[in-house]
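This report describes one protein chain for a reader who has not met it before. Please keep the sequence and the model in view while reading.

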Amino acid sequence: MDLRLKIAVQKAGRLHDGSLSLLGECGIRIDNGFDQLIAPARDFPADVLFLRNSDIPGSVEIAPNIGLADGICDLVSSGSTLFKNGLKEAEVILKSEACLVKGPGLNNEKQAVADEILFRIRSVLASRNNKYILLNAPDDKLEDICNILPGMKSPTIMPLAMEGWSSLHSVISEADFWAVIGQLKKKGAQGILVIPIEKMVV
């Protein structure tokens with residue numbers, strides 16, 4: 001029985017690089033040779049299959065510059081390519097996002113592999129959306145600062161050699177970063193260090 005999970009990704013394009021980078025951060029690495037359509041993962045029971053891009057519309061960079069089209073249907077993420085080519089968005093046909101989907105009827109062994117991949121992906125994505133923060137604060141402000149920095153459960157607090165001061169370690173959301181930093185400074189926090197998180201297992 002084949003117990004290796006098969007994962008299909010785009011053969012080329014923006015999803016190709018992003019998908020392989022994400023899998024690599026999850027510890028699922030492959031040796032992909034030129035024009036290779038399937039590649040086994042190293043030290044993980046999965047094979048990566050590369051899908052062709054024949055159903056992707058023509059390039060937005062080329063078509064207007066050589067007079068092929070007045071209107072173009074293209075995949076857009078940030079819109080920077082449109083701007084660089086003097087174009088503007090006229091209508092959104094469809095909003096989409098990259099998703100991991102699975103086929104029906106996975107056996108227990110393959111489902112376990114799929115669950116492990118999902119666990120790893122969630123850990124990587126959680127780390128991208130959060131930062132590890134360390135700071136020094138006067139002891140009489142600890143309660144106020146803990147209310148600002150709840151962390152995953154609560155901040156870690158360690159006394160400093162200087163009497164009346166402690167070091168706090170916690171996690172903050174990237175989206176709340178600047179607002180939180182401002183609140184911490186107002187409450188007397190000093191020596192604030194913010195560090196990227198490589199993995200975050202919750």
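## A starting point

Which residue just after α5 takes a positive phi? That residue is Gly188, and its phi is about 100°. The model is a predicted one, and the sections below go from the whole chain to the parts around this helix and then to the cores.

## The chain as a whole

The chain has 202 residues, of which 27% are buried. Five helices and eight strands are found in it. From start to end they follow the pattern β-α-β-β-β-α-α-β-α-β-β-α-β.

Many contacts span long stretches of sequence. If one takes the contacts between residues at least 6 apart in sequence, 63% of them join residues at least 24 apart.

## The four-stranded sheet

An open sheet is built from four strands, in the order β6-β7-β5-β8, with antiparallel pairing. Its edges are β6 (156-159) and β8 (190-196); each has a single partner strand, so one side of each is left without a neighbour in the sheet. On average, neighbouring strands are turned by 20° against each other, direction ignored.

At one edge, four bridges join β6 to β7, and the two run antiparallel. One of the bridge pairs is Ile157 with Leu168 in β7. The two strands form a hairpin with five residues between them. Gly164 lies in the turn and has a positive phi of about 90°. At the other edge, β8 pairs with β5 (residues 130-138) in the antiparallel sense over five bridges. Here Asn136 has Gln190 in β8 as its bridge partner.

## Helix α5 and its two faces

Helix α5 covers residues 177-186 and lies across β5, β7 (165-173) and β8. The angle at which α5 runs to β8 is about 160°.

The buried residues in α5 are Phe177, Val180, Ile181 and Leu184. Seen down the helix axis, they fall within an arc of 100°, so they line one face of α5. An α-helix has 3.6 residues a turn, so residues three or four places apart point the same way. The buried residues of α5 pack against β5, β7 and β8, and also against α4 (142-148). On the face turned away from this buried side are the exposed residues Trp178, Ala179 and Lys186.

## An aromatic pair

The structure holds one aromatic pair. Phe177 and Trp178 form this pair, which is edge-to-face, with 4.6 Å from centre to centre and 80° between the planes.

The two partners fall into opposite classes of accessibility. Phe177 has a relative accessible area of 14% and is therefore buried, since the cut-off is under 20%. Trp178, at 69%, counts as exposed because its value is over 50%.

## Two nonpolar cores

In soluble globular proteins, nonpolar side chains tend to be buried together. The largest nonpolar core in this model has 19 residues, and those with the most contacts inside it are Leu5, Ile28, Phe44 and Ile117. Two or more residues each come from β1 (5-10), α1 (14-25), β3 (38-42), β4 (46-51) and α3 (108-128). The largest share, five residues, is that of α3.

Beyond its neighbours within four places in sequence, Ile117 is in contact with Leu5, Ile7, Ile28, Phe44 and Leu100. There is also a second, separate core of 14 residues. It includes Leu142, Leu149, Val180 and Leu184, and Val180 and Leu184 are among the buried residues of α5.

## Two buried residues of α3

Val124 has its place in helix α3. With a relative accessible area of 1%, Val124 is buried. Leaving aside neighbours within four places in sequence, Val124 is in contact with Leu22, Glu25, Cys26 and Lys199. Cys26 is 98 residues from Val124 along the chain, yet their C-alpha atoms are separated by 6.8 Å.

Ser127 is also found in α3, and Ser127 is buried, with a relative accessible area of 4%. Outside its neighbours within four places in sequence, Ser127 is in contact with Ile197, Glu198, Lys199 and Met200. Lys199 is thus a contact of both Val124 and Ser127.

Note on methods. Residues are numbered from 1 along each chain as its sequence is written. This is a predicted model: local features need pLDDT of at least 70, side-chain atom pairs count only at pLDDT 80 or more; totals for chains, interfaces and linings use all residues. Side-chain values use heavy atoms; hydrogens and water are left out. Two strands pair if DSSP finds at least two bridges between them. Axes are lines fitted to C-alpha atoms, for helices over the stretch in contact, and angles run from 0 to 180 degrees between N-to-C directions. Contact means heavy atoms within 4.5 Å. Rings of Phe, Tyr and Trp (its six-membered ring) pair if their centres lie within 6.5 Å; planes under 30 degrees apart count as stacked, over 60 as edge-to-face and the rest as tilted. Buried means under 20% relative accessible area, exposed over 50%, partly exposed in between (1.4 Å probe, protein chains only). The arc is that of the directions from the helix axis to the C-beta atoms. A nonpolar core is a set of buried Ala, Val, Leu, Ile, Met, Phe, Trp, Tyr and Cys residues joined through side-chain atoms within 4.5 Å.
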